[in-house]
Amino acid sequence: MKISKALKAIAVANLVLAVLLPHADAEQPKKIDFSDETVGADPKSFLGVVGVWRIEAEDNNKVLVVDGRQWKEGQASAGLADKARALYGDRYAEFLDRVQAFAYFPYAVANDVSDFRNGEITIRFKGVSGRIDQAAGILFNLKPNGDYLTVRANPLESNLVLWKFEKGKRSSVKWIRNTPTPSRQWHELKVRIAGSKVEGYLNGKRYLEHELPGPVSGRIGLWSKADSYVYIDDFVVAPAD
């Protein structure tokens with residue numbers, strides 16, 4: 001009888017862990033500064049789904065670069081099928097179909113955060129070049145079907161925008177104008193999530209606030225557009241207290 005009760009207790013404990021573990025990686029603060037990455041190689045900490053993403057050096061510091069100068073619009077990243085399997089396992093085909101149908105905006109997904117719901121995501125970015133865009137965005141709410149949200153800054157346009165990508169279509173949710181982020185200077189972009197509430201910050205100042213129809217969940221990452229050539233550093237994920 002005692003053994004039976006012990007086995008039941010173990011089974012219950014395993015069930016609780018099975019429920020909690022998928023979200024456990026979002027509970028600890030995480031900082032990715034690319035210092036242990038290899039210059040010239042694809043990042044180990046992110047999976048480039050669309051566009052060209054690689055590690056470069058600025059002086060003595062390693063940064064992640066999205067390089068739209070070499071990217072042909074509509075072209076997914078190399079090895080996309082394997083990357084889709086790594087992200088979503090058996091549901092990779094659903095994700096793959098959506099990405100290939102709408103591969104016009106470069107994005108990369110953080111490997112070690114499978115489900116982010118509440119807290120802050122921060123990056124530093126520097127627009128280096130790009131005649132059409134110099135977009136630096138934080139991607140979140142990425143679903144297995146390829147839908148996601150992003151808050152992005154753009155040194156060429158001096159605005160901050162919350163975009164929604166749903167069923168292969170992009171639509172703006174909220175625009176904030178007059179948010180200067182000059183090119184060739186480092187800036188900080190932060191997104192704060194609390195359930196369904198989204199806030200966007202630039203250089204410590206809150207500019208954007210919006211209430212979504214439902215709570216945020218899913219994978220997170222980085223986003224860009226067109227011919228943007230942008231440096232990114234210090235990707236920090238901090239869960240809510």
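Lys-190 lies over the face of Tyr-201, 4.5 Å from the ring centre. This contact belongs to a predicted model, and a second one like it can be found elsewhere in the chain: Arg-170 sits over the face of Trp-163, at 3.9 Å from the ring centre.

The model as a whole has 241 residues, of which 49% are buried. Its secondary structure consists of three helices and 15 strands. Among contacts with a separation of 6 or more, 65% are between residues 24 or more positions apart.

The strands can be taken next. Strands of a sheet pair through backbone hydrogen bonds, and the pairing is either parallel or antiparallel. One open sheet here contains seven strands in the order β2-β5-β14-β7-β8-β9-β10, and the pairing is antiparallel. At its edges are β2 (46-50) and β10 (169-177), each of which pairs on one side only. From one strand to the next, the twist averages 25°.

Within this order, β5 (residues 107-110) and β14 (residues 219-223) are joined by three bridges in the antiparallel sense. Tyr-107 has Trp-223 of β14 as its bridge partner. Helix α2, formed by residues 80-88, lies across β2, β5, β7 (136-142) and β14, and runs at about 125° to β2.

Another antiparallel pair is made by strand β12 (residues 197-202) and strand β13 (residues 205-211), with six bridges between them. The two strands form a hairpin with two residues between them. Leu-202 is bridged to Lys-205 in β13. In the turn, Asn-203 has a positive phi of about 50°.

The side chains add a further set of relations. A pair of aromatic rings is described by the distance of the centres and the angle of the planes. The model contains ten aromatic pairs. In one of them, Tyr-148 and Phe-165 are stacked, with 4.4 Å from centre to centre and 15° between the planes. This pair links distant parts of the chain, since Tyr-148 is in strand β8 (residues 148-154) and Phe-165 is in strand β9 (residues 159-166), 17 residues apart. Both Tyr-148 and Phe-165 are buried. Tyr-229 and Tyr-231 give an edge-to-face pair, at 5.9 Å centre to centre and 80° between the planes. Tyr-229 counts as buried because its relative accessible area is 8%, and Tyr-231 counts as buried because its value is 11%; the cut-off for a buried residue is under 20%.

The stacked pair is also part of a cluster: Phe-105, Tyr-107, Tyr-148, Phe-165 and Trp-223 form one aromatic cluster. Two of its members, Tyr-107 and Trp-223, are the bridge partners named above for β5 and β14.

What remains is the nonpolar interior. The largest nonpolar core has 37 residues, and those with the most contacts inside it are Phe-46, Phe-140, Ile-220 and Phe-235. Strand β15 (residues 229-239) gives the most to this core, with four residues. A second, separate core has 19 residues, including Leu-80, Ala-84, Tyr-107 and Leu-139.

Phe-46 shows how one core residue meets other parts of the chain. Leaving aside residues up to four places away in sequence, Phe-46 touches Ile-32, Phe-34, Leu-64, Ala-108, Val-109, Ala-110, Asn-111, Gly-221, Leu-222 and Phe-235. Phe-235 is thus a contact of Phe-46 and is itself listed with Phe-46 among the residues with the most contacts inside the largest core.

Note on methods
Residues numbered from 1 in each chain as written. Predicted model: local features only at pLDDT ≥ 70, side-chain atom pairs only at ≥ 80, totals over all residues. Heavy atoms only, no water. Pairing = 2+ DSSP bridges. Axes fitted to C-alpha atoms, helices over the stretch in contact; angles between N-to-C directions. Contact = heavy atoms within 4.5 Å. Phe/Tyr/Trp six-rings, centres within 6.5 Å; stacked < 30°, edge-to-face > 60°. Buried < 20%, exposed > 50% of the residue type's maximum accessible area, 1.4 Å probe, protein only. Lys NZ or Arg CZ within 6 Å of the ring centre and 35° of its normal. Core = buried A, V, L, I, M, F, W, Y, C linked by side-chain atoms within 4.5 Å.
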